[in-house]
Structure formats: C-alpha cells, structure tokens
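The exercises below practise reading side-chain contacts and strand pairing from a structure. Please work through each task before reading its solution.

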Amino acid sequence: MVTRIKSHRGAGPDDNAPHILVVDDDSRIRDLLARYLHDHDFRVTTAVDAEDARAYMRSLAFDLIVLDVMMPKESGLEFAKALRTESQVPILMLTARAEPEHRIEGLETGVDDYLAKPFDPRELLLRVGNILKRGTQAAPSGEIRMGDFVFHISRGELQRDGETVRLTERERELLRYFAQRTGTPVSRLELAKSSDKDGDIGGERAVDVQINRLRRKIENDPANPVYLQTVRGKGYILYSE
C-alpha cells in the first residue's frame, strides 16, 4: 500500500521536534511510516487502533495525527469525529476510499487533509509539513468578540459564554481569515482561495454555503446577521466589538 521507503539514517529527532501519532491497524504500514517520519526528524508514536491512540493521548501531547480510515471496532472517521469534541490536534487521514463524498465527509468532520493509498512517502512528508506550517502561520495572537461569542485566534477556538462551539476546519480557517481583516470587505473569490488544501471543496458558490453555516455558529439570529454581513457586489465583512 505504500511506496518503498528508503532511510537516510539522519541523526534523529531532538526533544523539540514535532511529535506525530500514527494510527493504523496494518503493522507494515505503521512501521514503515514510523521509520520514515523518524528518519526525517519527527518524533513518532504508533497506535494500532482508536482505543490505543486514546490511551497515548491521555499522557502525551501530539502535534499531528496520521490516521487510517478503515480500522476495526472504531473507524478513523468515527475517531476523528469524537476527537473533535475535545481536541483540535491536526489530522491527516489515510484512505483507500478517495471518492469526493468521502473527502467531504472527512473535511466536514474536521480532518485537515486526506492522502489516498497507495501513496508516495515524499507526498506524505509534504502534506505533513504543510499542515504543521499552517498551524504555525495561523497564529495571530489575541481574540475577537462578537456579542456572546469569542474567537481565540491562535487556538482557533470559538466559545459562547465559556462553552466551546464546535467548528469544522474550513469554518476555523474562514474565521481566522476574517479575524485578520475585521472591518474590511473580502470577496468570494479571495475566500475561495484562502485555503491551500489540495482538492479543497471551495469555489465561490460553495463560499456562500460555508458562510451560512458559519453564521449559524456566531450569530444569535443567522437570518439577520449583525457581525458577518454581506457586502453587495463585494463579498462579506466581519465586524467585531
């Protein structure tokens, strides 16, 4: 399922290197990925299934999870959906099911990216690097307030009266994008291009759908928005307090 991996036998990762959790019930793939990522200076922990992964996550912090879709007992999608209720750790999903509807299902769950099997390990490395880079780049500090809602920009976390409001990854990206441009109109085209994920399901018409979904998360009356408003002929604008 994976292209042959060649080790470059580097010095190995240091204690500050990103820590990746690889979750796959296939021992061959799990071991190959662990060796390849370790050889490219990542710290790696491996888990055989979702239950095993949860046990590790209770005592260790991870910068990224590489997660297989097809696993016994609890699938990768089910695990990702449950995980998103308590954590925003980035997830790269490995799947033999590359149909668009499965990608959309995963992205709506909050998965950061997909990689179809069989894959080239070099592509895996690029995608891992891009996900980690997005996490560090999307770090304007502080928060914006919208009535009862507060969006913590660096954490990508939306709260209402101290309770966390679940966001999909795309909704989080949109809020971060608007948060850096509060009070400035942003076009649909710019919003459609604001995600650098390969195969993003955006597009200008899809932006309208995503905006409507986001309004349901940050507006008391989504049909009459106060904060995320439409600008006729230009796109959308976010106001904060």
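**Exercise 1.** In this predicted model, decide whether Arg-122 is buried or exposed, and then describe its salt bridge with Asp-120.

Solution. Arg-122 has a relative accessible area of 59%, and since exposed means over 50%, this residue counts as exposed. Asp-120, with a relative accessible area of 23%, is partly exposed. The side chains of these two residues meet in a salt bridge, with a distance of 2.6 Å from N to O.

**Exercise 2.** Find where Asp-148 and Arg-160 lie in the chain, and say how accessible Asp-148 and Arg-160 are.

Solution. Begin with the contact, a salt bridge between the side chains of Asp-148 and Arg-160 at 3.7 Å, N to O. This pair links distant parts of the chain, 12 residues apart, because Asp-148 sits in the loop between strand S6 (143–146) and strand S7 (149–152), while Arg-160 belongs to strand S8 (residues 157–160). Asp-148 is partly exposed at 32% relative accessible area, and Arg-160 is partly exposed at 34%.

**Exercise 3.** Explain what the salt bridge between Asp-112 and Arg-84 ties together.

Solution. The closest N and O atoms of Asp-112 and Arg-84 are 3.3 Å apart. Asp-112 lies in the loop between helix H4 (100–109) and strand S5 (113–116), and Arg-84 in the loop between helix H3 (76–83) and strand S4 (91–95), so the salt bridge ties together parts 28 residues apart in sequence. Asp-112 is buried, with a relative accessible area of 5%, and Arg-84 is buried at 3%.

Technical notes. Residues numbered from 1 in each chain as written. Predicted model: local features only at pLDDT ≥ 70, side-chain atom pairs only at ≥ 80, totals over all residues. Heavy atoms only, no water. Salt bridge = Lys/Arg side-chain N within 4 Å of Asp/Glu carboxyl O. Helix = DSSP H or I, 4+ residues; strand = E, 2+ residues; numbered from the N terminus. Buried < 20%, exposed > 50% of the residue type's maximum accessible area, 1.4 Å probe, protein only.
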